[in-house]
Amino acid sequence: KYRTVVKMASTRCRRSSPILAFAVGLLLPLLLLVSATTAQTTFNPSTYDHTFTLAAAGNLKFHWKIDKTANEIHLAIQAHTSGWIGFGLAEPSSGSMPGSDMMVAKVINNQLVVTDHYATSYLAPEQDCNNVSDWKAVRSFQGADATNGGEILTTVEVTRALQAVDTYNDRSILDDGIPHRL
């Protein structure tokens, strides 16, 4: 069964233990309900210009396209999980986790929740509390994957401006047509 109801992280932020939040798979209940933009019931990867499968991570799939008119990236991530999905933009000079800009998405009570995070070390990232979230929830799909023994397949779709609004904790996305590191 697929869902298209969407929630987004609000601009308020309360600090809690990031290790506990990630260990239990909970995200802070800082949510703003947004109506779904379409009544689409299945994921259509052909709407994206690029696809990359990371087989070493259990066939994790990334689909993306750059909208040059809106100056944003449209990103879909598919993973065999009923928990959260994380994605990060690495620190540019080292390509590593410390200094990276991250997004965490989770389907909670049939709602897509997207929160903005950043990492200062190789430990659990912190939620970005600068009252600006560059990541925007679009929709999610979650259901049994008939091609993989009925394992739960979660798909999240998000958008983000190419130019970071919060330049302290967020990274701009270089649009040169080359995936630099996944």
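Let's start with one rung of a strand ladder: Val 107 has Leu 112 of E8 as its bridge partner. Keep in mind that this is a predicted model.

That rung belongs to the pairing of E7 (residues 101–108) with E8, an antiparallel match that runs over eight bridges. The two strands form a hairpin with two residues between them, and Asn 109 there adopts a positive phi near 50°.

E8 also has a partner in E9 (residues 126–127), again antiparallel, with two bridges holding the pair together. Here His 117 sits opposite Gln 127 of E9.

| Pair | Sense | Bridges |
|---|---|---|
| E7 and E8 | antiparallel | eight bridges |
| E8 and E9 | antiparallel | two bridges |

So much for pairing; now for burial. How many residues of strand E8 are buried? Eight of the eight in residues 111–118 are. Cover comes on both faces: one side carries Gln 111, Val 113, Thr 115 and His 117, while the other carries Leu 112, Val 114, Asp 116 and Tyr 118, and all of them are buried. That puts Leu 112, the partner of Val 107, among the buried residues, along with His 117, which faces Gln 127.

Zooming out, the protein chain has 11 strands and one helix. In sequence order the pattern reads β-α-β-β-β-β-β-β-β-β-β-β. Across its 182 residues, 41% count as buried. The chain exposes about 9,900 Å², with carbon and sulfur atoms supplying 56% of that area. As for contacts with a separation of 6 or more, 53% link residues 24 or more positions apart.

How values were computed:
Residues numbered from 1 in each chain as written. Predicted model: local features only at pLDDT ≥ 70, side-chain atom pairs only at ≥ 80, totals over all residues. Heavy atoms only, no water. Helix = DSSP H or I, 4+ residues; strand = E, 2+ residues; numbered from the N terminus. Buried < 20%, exposed > 50% of the residue type's maximum accessible area, 1.4 Å probe, protein only. Contact = heavy atoms within 4.5 Å. Areas by Shrake-Rupley, 256 points an atom, 1.4 Å probe, with all protein chains shown as cover. Pairing = 2+ DSSP bridges.
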